[in-house]
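Q: Could you take me slowly through the largest pocket of this protein, and then show me how it fits into the chain as a whole? I am new to this, so please explain each term when it comes up.

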Amino acid sequence: MDVDGGGSTSGVDTAGVVAQSVPVLSRRQKALYQFTQQNLPACRPILTPAWVITTFMLLGVIFIPLGLIALRASQSVVEIVDRYDTDCVPETHKNNKVSYIQDDSIVKNCTRILKVRKDMKAPIYIYYQLDNYYQNHRRYVKSRSDRQLLDGLNYKDTSSCKPEENSNGQPIVPCGLVAWSLFNDTYTFYHQSKELEINRKNIAWKSDREHKFGKDVYPFNFQNGTLIGGGTLNPTVPLSDQEDLIVWMRTAALPSFRKLYGRIEQDLDADDLIIVRLVNNYNTYSFGGKKKLVLSTSSWLGGKNDFLGFAYIAVGSCCIFICIVFLLLHVKTPRPYGDTTYLSWNRKSNAS
C-alpha cells in the first residue's frame with residue numbers, strides 16, 4: 001500500500017490549471033472592457049486657471065463680432081408691415097366681424113396705402129402673416145393625406161383626413177383640414193398708377209413641388225360641401241403647380257407665422273407710395289386672429305431677425321464677464337497647483 005499515494009497530487013502543475021481557468025479575452029472584449037471601465041486612451045486636459053480664462057476670452061472675442069455682423073445684416077433688411085384685418089371691416093360691421101366675413105353677398109374689397117421708408121432692392125418678398133393661428137394643433141396637423149397628394153384618387157385610404165374626407169359621397173382631393181383652410185386673401189399692388197407685376201412662381205420648396213405633390217393629380221370635389229373653409233383650387237391645374245397650396249400645406253410650428261405670397265421684381269425708392277387693393281376673404285375673426293401684409297427685402301443671412309445677433313452678443317458678453325471675474329479671483333487669491341503625478345493615469349504610466 002502506497003502511503004504517499006495521496007500526496008502524489010503535489011506533482012500536478014497547479015499554475016497551468018489556474019491559467020486555464022482564466023478566460024482569454026478577445027480584442028473586441030478587451031476594447032469593450034476598457035470602454036466600460038473608462039480606461040480607453042483619451043485626452044484629459046487639466047483645467048488650470050490660465051486655460052479657463054483664455055478659453056472664455058477667446059469665446060467672447062469670437063462671439064461678439066459674429067453677433068455684430070449678424071445684427072448689421074438683419075438691420076439692413078427693409079421691412080413694411082401693415083395689419084389690415086381690423087381696418088378693412090366697414091364701420092357698420094365693426095360690432096359683428098364674424099357675420100361680415102361669412103356673408104358672401106358683401107363685397108370685401110379694401111385699399112391700403114404703404115409708404116416705403118428706405119430704398120428696397122429687388123427682389124422684394126411679399127408675405128402674409130397670421131397671428132394666433134395654431135397650425136401646429138395635433139388634430140389639424142394630422143388631418144391630411146400625404147399619399148393622396150402624391151397619388152390622387154388612386155390612393156383610397158384617406159381616413160386620416162377626417163372630418164374633410166369626402167363630400168356628397170365622393171372623395172375630396174386634396175382632403176383634410178389643412179387644405180380645406182387654404183388662405184384666400186388676394187393682393188394687387190400699384191406703383192405710380194401702374195400695376196406691379198408679382199412673380200408667384202417658385203415660391204414653394206423645390207423638393208415639395210417635385211416629390212410631395214403629384215404632377216398628374218388634380219383637385220377633385222374640393223370646397224363643394226356645405227361649409228366652405230378657405231380658398232378654392234383650379235381643377236385644371238395639377239397640385240404640383242398650385243404653389244399657394246404647397247406653401248400653405250407646410251404647416252407652421254408657432255402660432256405667429258409668415259408664408260410667402262410672391263415677389264416684386266422691381267426696385268422701390270424711399271418715399272414711394274404703394275397702393276394695395278386687397279380682398280379680405282379669410283376668416284380670422286372667429287378665433288381672434290390677426291392678418292398682416294409684409295413687404296421685405298433680404299440679406300445674405302435671410303430676412304429680418306435680430307434674435308441671432310443679440311444671442312451671439314449676449315453669449316460673448318457673458319464669456320468676457322466670466323473671464324474678468326476669474327482673472328480677478330486668480331490675481332487676488334491664487335491657488336497653488338496640485339502635483340499632476342498623483343493623477344490616476346500618471347500613476348499608471350510611472351509604474352510601468
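A: What follows looks at the largest pocket, then at the chain around it, and then at a few details of the backbone.

The model is predicted, so local features are given only at pLDDT of at least 70 and side-chain atom pairs only at pLDDT 80 or more, while totals for chains, interfaces and linings use all residues. Residues are numbered from 1 along each chain as its sequence is written, and side-chain values use heavy atoms, with hydrogens and water left out.

The largest pocket has a volume of about 630 Å³. A pocket here is an open set of points, on a 1 Å grid over the protein atoms alone, where a 1.4 Å probe fits and protein lies on both sides within 12 Å along at least five of seven lines. The volume is the space filled by probe spheres set on the points, which are joined across faces, edges and corners. The pocket is lined by 22 residues, and those closest to its centre are Ile-228, Gly-229, Gly-230, Asn-281 and Asn-283; a lining residue has an atom within 4 Å of a point. At least two lining residues come from each of α4 (97–102) and α7 (177–180). By class, the lining holds 11 nonpolar, 9 polar and 2 charged residues, where Ala, Val, Leu, Ile, Met, Phe, Trp, Tyr, Cys and Pro count as nonpolar, Asp, Glu, Lys and Arg as charged, and the others, Gly among them, as polar.

Turning to the whole chain, its secondary structure comes to 11 helices and 11 strands, which are DSSP runs numbered from the N terminus (helices are H or I with at least four residues, strands E with at least two). Of the 352 residues in the protein chain, 34% are buried, meaning under 20% relative accessible area, whereas exposed means over 50% and partly exposed lies in between (1.4 Å probe, protein chains only).

Two loop residues have a positive phi although neither is a glycine: Asn-221, near 55°, and Asp-271, at about 75°. Asn-221 sits in the loop between α8 (206–211) and α9 (243–249) and counts as buried, because its relative accessibility is 11%. Asp-271 belongs to the loop between β9 (257–264) and β10 (273–279), and it counts as exposed because its relative accessibility is 54%.

A cis peptide bond, with omega about 0°, joins Ala-122 and Pro-123, and Pro-123 is in the loop between β2 (109–115) and β3 (124–131).
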